[in-house]
Amino acid sequence: MLERLGPYCSYRERKGDLHVEHVVPRHHRQDLAEEWTNFLLGCVNCNSIKRKRNQSRAGYTWPDDEVMWRPFEYLPHGRVKVAGNLSDSNRIKAERLFDLVGLGRQPASNPTASDLRYLSRLEAWDNAVVARAKLVEGRIDVDTVVELAKATGFWSVWMTVFVGNSAVCDRLRDAFPGTR
Ligand SMILES: [Zn+2]
């Protein structure tokens with residue numbers, strides 16, 4: 001699973017703290033409990049929110065069918081929302097996954113330790129913006145940007161911050177398994 005997907009949550013793209021995640025919960029489909037194609041990697045946040053709420057694969061966008069930065073839009077300050085340019089059917093599927101794993105959950109005002117999922121995406125955004133500025137100034141090279149991205153996680157955030165820089169985006173696709 002780690003070779004196929006990298007050490008990142010398939011949904012939230014956080015690094016570490018991962019469990020094997022059953023796309024279709026065992027509760028509904030015991031016959032898929034050991035089915036390879038039913039596995040993704042999930043962090044504790046996604047697992048605890050998703051639980052057994054979906055009955056099947058149908059009707060949702062899944063991260064092994066679609067790179068996540070197409071159905072979702074990654075915004076400054078670690079926010080994420082369903083993209084505005086989707087067809088009606090794709091928007092509905094994206095909204096259902098967004099709700100299923102609580103992708104949009106974030107603290108109302110002052111983040112606390114329990115808001116780590118939000119804080120870590122915010123940190124990734126900030127790291128990527130700083131790296132972009134340093135790259136432009138020639139203070140770091142593309143290799144260093146890619147190493148920072150791998151250490152931080154949140155591939156979609158890095159792809160969003162470096163949009164328009166095809167050299168970096170190409171290297172990010174190579175560095176994160178399954179994204180290309
Ligand atoms: Zn997660």
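Here are three short exercises on this predicted model, each with a worked solution.

**Exercise 1.** Find out which residues touch the most other members of the largest nonpolar core, and which helix gives the most to this core.

*Solution.* Start with the core itself: it has 35 residues. Cys9, Phe72, Ala128, Val157, Trp158 and Leu172 are the ones that touch the most other members. Next, look at where the core comes from. Elements that each supply at least two residues include strand E2 (39–43), strand E3 (72–75), helix H4 (116–136) and helix H7 (166–175). Helix H6 gives the most, with 5 residues. For background, nonpolar side chains in soluble globular proteins tend to be buried together.

**Exercise 2.** Pick out Trp158 and list its contacts, leaving aside neighbours within four places in sequence.

*Solution.* First skip those sequence neighbours, then see what is left: Trp158 is in contact with Ala128, Ala149 and Leu172. Now go back to the core: Ala128 and Leu172 are, like Trp158, among the residues touching the most other members.

**Exercise 3.** Work out where Glu13 and Phe154 sit, and decide whether each one is buried or exposed.

*Solution.* Begin with the backbone. Most residues other than glycine have a negative phi. Glu13 isn't a glycine, yet its phi is positive, about 70°. Phe154 isn't a glycine either, and its phi is positive too, at about 65°.

Then place them. Glu13 lies in the loop between helix H1 (2–5) and strand E1 (18–22), while Phe154 is in the loop between H5 and H6.

Finally, count neighbours. The cut-off for buried is 20 or more other C-beta atoms within 10 Å. Glu13 has 27, so it's buried. Phe154 has 29, so Phe154 is buried as well.

How values were computed:
Residues are numbered from 1 along each chain as its sequence is written. This is a predicted model: local features need pLDDT of at least 70, side-chain atom pairs count only at pLDDT 80 or more; totals for chains, interfaces and linings use all residues. A nonpolar core is a set of buried Ala, Val, Leu, Ile, Met, Phe, Trp, Tyr and Cys residues joined through C-beta atoms within 7 Å. A residue is buried if 20 or more other C-beta atoms lie within 10 Å of its own, exposed if 12 or fewer, and partly exposed in between; C-beta atoms are placed from the backbone. Helices (H or I, at least four residues) and strands (E, at least two) are DSSP runs, numbered from the N terminus. Two residues are in contact if their C-beta atoms, placed from the backbone, lie within 7 Å.
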